[in-house]
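Trainee: I would like a close look at one part of this model, followed by how that part sits among its surroundings. Could you take me through it?

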Amino acid sequence: MIFSSYIFVLAFLPVAVLGYWLIHRWRGLETAMVWLTLCSLFYYGWWNPIYLILICSLMLVNYGAGLLIYQRRFAPKLLMIAGVTFNLSVLGYFKYMDFFIATTNDVAGTHFNLMHIVLPLGISFFTFQKIAFLVDSYHRKIEHYSFVHYCLFVTFFPQLIAGPIVHYRELMPEFLRIRQNGLTARHLAVGLSIFAIGLFKKSVIADNVSAPVGPVFNAMAQGVHISFFEAWGGLLAYTAQLYFDFSGYSDMAIGLAMLFGVRLPLNFFSPYKSRNILDFWQRWHITLSRFLREYLYFALGGNRKGQFARYRNLFLTMLIGGLWHGAAWNFVFWGGLHGAFLVVCHGWTALVGGYKNCPRFGQFMKPVAYAITFFCIAVSMTFFRADSMPSAMLMIKGLCGLHGVYIFDGENTFHHWLTLLGLPVEFSPYAIRYVDKDVLNNLIMVYIIIWFMPNNAQIFAAEHPAISQGELLRANPARRIKWQANWRWAVCIALMLLVSLLNLNNVSEFLYFRF
Amino acid sequence: MQYRSYFIAVLFALAVLVAGVVLTNWLVDPLDIYRVVRKDHVNRVKSAYIPYARLAKPSQIERGHYQRLAIGSSRMLMGIPVANAAWAAAGGEPGFNASIQGADLRQIRDLFEHAVVTGNVKSVLIDVDLFMFNAWVPSGEYPYPVATFSETEQERFVRERDTALSLLFSPGITLASIQTLRRQDEKYDKVMIDGTTNPEHEMQHVLEDGYEVRFRQFEDRMVRTGWSPCSDNRYVFIKGNVDKMQVFRDILQIAKQHNVDVKFFISPVHVRLLEMIHAADLWDDYELMKRKLVAEIAGVYGADTQGVELWDFSGYHHYAQEAVPQQPNVAMQWYLDSSHFSQALGHKMLERMFAAPDAELSFGVQLRPDNIDAVLQMEREQQVEWQAGNAELSRDLHKRTAAILKDKKINGTVCK
């Protein structure tokens with residue numbers, strides 16, 4: 001039951017929201033939170049009820065451990081380390097066991113059978129939340145313990161499957177705030193509007209722009225040599241698909257939480273408008289970056305032991321971040337690549353000093369910086385999407401034009417221009433098998449939206465629908481398009497919902513569900 | 001505006017819009033399924049039908065209660081007129097052309113089963129060709145929900161729900177409704193009410209392009225997209241667990257069990273296509289296919305072949321040898337391109353199969369175990385005779401086939 005499905009939008013969500021509001025009115029917040037926990041467990045169990053046992057057992061163990069750590073009754077540090085290790089072991093077993101066996105077989109020449117373990121939905125996300133809870137308990141950052149609250153913190157369905165990765169200490173106050181301020185129509189109006197825009201991004205834009213992605217990457221996986229334009233078409237389509245898929249999901253999560261009167265942390269803020277890779281990681285999967293920084297990078301020593309240690313720790317953090325995304329070498333490589341980008345970025349800033357001495361040159365270099373950053377992000381996405389390292393390398397060759405730069409017979413003007421650019425262009429009836437003019441038009445349209453339209457946080461800035469969005473919004477304020485509760489927006493949102501509902505007939509699952 | 005009023009306004013506007021879309025799709029009926037109203041200049045011309053034909057045909061079959069069905073590929077779609085007196089007399093009314101472009105045998109089988117389960121079909125025509133039996137070419141189930149014999153009540157409910165959702169509330173059909181309302185000119189009238197392609201529309205296009213251009217376009221595309229450049233994996237009837245003849249067997253068994261009169265036919269393709277089949281070293285497979293079809297029919301029906309016939313209209317007969325005009329706006333009588341024949345020839349085939357009084361007896365032959373060797377031998381002799389009389393054209397066709405296959409190999413097709 002994904003957010004972009006009829007069963008979710010037309011059945012589960014109305015029942016969950018209506019029940020929550022009615023129970024809140026008649027029985028109070030605590031009972032409404034129990035209802036919401038039950039709804040969330042039902043939502044999780046819909047995929048596979050067996051895994052309810054896993055998530056409930058993990059909740060029991062972690063809550064108990066957290067409480068013991070907080071109460072300082074028995075070796076809190078040891079308990080915290082044991083708890084973190086336990087959670088990582090569970091994640092390791094489900095997510096990395098087959099990867100470990102396959103790697104062992106490759107390296108040592110052994111023939112252990114793969115276990116083909118089914119990855120429980122969202123395990124990477126809720127494991128991180130539980131780890132954060134244990135560490136926060138140790139540091140006494142948690143003030144109030146309640147098992148129902150803890151269960152809701154872990155299972156709260158808007159963020160259960162694909163984030164954002166929230167802290168207990170930031171989610172619970174949101175619920176408790178309802179006690180003071182109550183649930184109001186504002187929550188419904190803003191929540192529904194943000195959800196509608198997110199649903200539109202996912203079901204209309206992401207799923208339509210993805211048309212060439214499968215054919216190009218599948219052909220590549222089968223060893224077909226993908227030519228220059230096809231490779232770039234497929235890659236740019238995937239880069240846009242991932243953007244709208246994740247952006248749509250993040251908006252939907254924030255909108256859904258808002259329907260229950262709760263704000264989630266901002267997780268996505270126009271990452272392809274980043275001026276450097278550091279900026280990118282402050283805009284892309286913001287809560288993951290925050291988790292990695294607070295619980296991994298700082299744990300490794302951060303920048304306390306000089307520049308080299310800082311770069312090493314950054315690189316290691318990103319390497320592990322890559323592995324978190326998937327149990328395969330291409331994800332590790334992707335993480336390593338971003339680690340390297342970050343090191344280069346920090347090094348460059350240290351060397352040039354951010355053009356402080358020459359602001360005019362800095363201004364001139366700004367578009368170049370945006371372009372280089374996007375280029376690096378897009379190329380790195382090859383490793384994110386490819387099935388394996390060899391097929392990723394095939395794609396890279398295609399992107400470099402090593403598999404030929406072909407256009408159709410008769411496109412002489414185009415040939416002339418490309419030749420002027422120094423490209424070794426040839427005519428072929430096989431020029432573009434997967435990327436046609438429709439795809440090109442779609443790409444132009446979606447990249448205009450990506451680069452020139454405001455994001456949801458900016459559009460809804462006045463309503464403060466997300467936590468910790470202040471700094472990003474101050475640096476990137478909303479300009480022309482601002483949401484207001486009026487007829488124009490009502491019709492616009494209803495139209496978006498209509499088109500999204502129409503498109504739900506053929507949507508795919510969220511890409512981040514796989515992680 | 002208050003937040004509360006805003007929230008109610010969004011839900012109200014959404015409800016109105018959803019109802020509007022469903023009602024529009026139902027009334028405009030771009031796939032000709034509900035047939036509530038059909039008005040000139042409004043929705044009579046189903047200009048958006050063709051891209052959705054695969055979605056439309058199962059529902060059209062189910063709602064039409066047809067006695068006669070034509071199920072096959074584009075050859076059947078363009079060339080077999082349902083309004084044929086001989087077939088109507090033998091099979092009853094109404095009739096419908098349920099063929100789909102590029103249909104493979106599995107899809108034909110699924111549509112046939114769907115028709116038997118949901119309707120009261122008595123007579124079915126099925127078009128088979130060499131490429132439908134190539135196990136190298138992947139085939140899948142029918143891409144939209146169709147009825148099966150094993151369908152439970154719950155599965156039927158899900159199928160009908162999904163189909164209704166697709167037909168009344170999907171982005172494609174909504175756009176199709178808009179396109180239908182916008183395009184009501186005769187030039188968009190591509191499909192007739194009986195499911196057959198509008199011949200006038202098709203002929204007009206071919207005439208404008210010129211037949212030679214059309215023939216070459218089709219031939220090049222067929223070799224480029226349909227045939228592997230690697231001779232080792234160009235054609236095989238069984239590959240792994242894929243046995244295309246099993247699908248044919250399934251069709252025979254369904255027809256036999258449910259007393260449906262079924263006539264298969266091998267189309268009268270133009271000699272140029274036969275020569276290209278020869279050039280690609282596929283002639284032996286072509287003959288083997290015919291032998292296998294005869295054997296399968298005998299295997300399922302035994303000596304009593306009442307209710308099933310296999311007709312062969314292929315070969316180097318005078319229709320197939322019709323000269324191809326080199327300039328535009330000169331018409332051919334029997335062909336649209338090397339593979340697709342005109343409805344005039346389709347009428348002749350139907351008259352022959354359904355024994356009309358004025359049928360041309362030398363055109364087409366019913367294949368049986370006792371005549372298959374003789375028929376194939378005669379075709380081989382006709383082939384040699386034609387090649388001798390058309391040496392230059394034959395050489396050109398062989399050369400073009402070889403060149404396309406070679407080019408295809410250079411451009412990345414991996415021979416496994």
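Mentor: Gladly; what follows begins with the open sheet of chain B and then moves outward.

Please keep in mind that this is a predicted model, in which local features need pLDDT of at least 70, side-chain atom pairs count only at pLDDT 80 or more, and totals for chains, interfaces and linings use all residues. Residues are numbered from 1 along each chain as its sequence is written, while chains are lettered from A and ligands numbered from 1 in the order in which they are written.

Six strands of chain B make up the open sheet, ordered β2-β1-β3-β6-β7-β8, with mixed pairing. Strands (E, at least two residues) and helices (H or I, at least four) are DSSP runs numbered from the N terminus, and two strands pair if DSSP finds at least two bridges between them. At the edges are β2(B) (95-97) and β8(B) (365-366), each pairing on one side only.

Let us settle on β6(B), residues 261-266. Five of its six residues are buried, which leaves the strand mostly covered. Buried here means that 20 or more other C-beta atoms, placed from the backbone, lie within 10 Å of the residue's own; 12 or fewer is exposed, and anything in between is partly exposed. On one flank, β6(B) runs parallel to β3(B) (residues 123-128), with six bridges joining them; B:Asp127 faces B:Phe265 of β6(B) across this pairing. The pairing of β6(B) with β7(B) (residues 308-312) is also parallel and has five bridges, and here B:Val262 is opposite B:Val308.

Further along the sheet, β1(B) (residues 68-71) and β2(B) are parallel and share three bridges. B:Leu69 has B:Phe96 in β2(B) as its bridge partner. The loop that leads from α4(B) (85-91) into β2(B) holds B:Pro94, and the peptide bond from B:Glu93 to B:Pro94 is cis, with omega near -5 degrees. Such features catch the eye, since most peptide bonds are trans and most residues other than glycine have a negative phi.

Now step back to the chain that holds the sheet. Chain B has 15 helices and eight strands. Its radius of gyration, taken over C-alpha atoms, is 23 Å, close to the 22 Å that the globule rule gives for 416 residues, so chain B is as compact as a globular protein of that length; the rule is 2.2 Å times the number of residues to the power 0.38. The C-alpha trace spans about 85 × 50 × 50 Å along its principal axes. Of the 416 residues, 40% are buried. Among contacts in chain B between residues at least 6 apart in sequence, 81% link residues at least 24 apart, where a contact means C-beta atoms, placed from the backbone, within 7 Å.

One residue shows this kind of long-range link. B:Asp285 belongs to helix α12(B) (residues 283-301) and counts as partly exposed because 19 C-beta neighbours lie inside 10 Å. Beyond its neighbours within four places in sequence, B:Asp285 contacts B:Leu130 and B:Tyr235.

Chain B also meets chain A, in a contact that takes 23 residues from chain B and 25 residues from chain A. On the side of chain B, α1 (3-28), α6 (153-168) and α7 (171-182) each supply at least two residues, and α1(B) gives the most, with 11. That side has 15 nonpolar, six polar and two charged residues; Ala, Val, Leu, Ile, Met, Phe, Trp, Tyr, Cys and Pro count as nonpolar, Asp, Glu, Lys and Arg as charged, and the others, Gly among them, as polar.

Both chains appear in the largest nonpolar core: of its 157 residues, A:Leu134, A:Ala196 and B:Val10 touch the most other members. Such a core is a set of buried Ala, Val, Leu, Ile, Met, Phe, Trp, Tyr and Cys residues joined through C-beta atoms within 7 Å. Helix α11(A) (residues 228-259) is the leading contributor to this core, with 20 residues. A second, separate core of 76 residues includes B:Phe133, B:Phe215, B:Ile251 and B:Met353.

Definitions and conventions. Contact = placed C-beta atoms within 7 Å.
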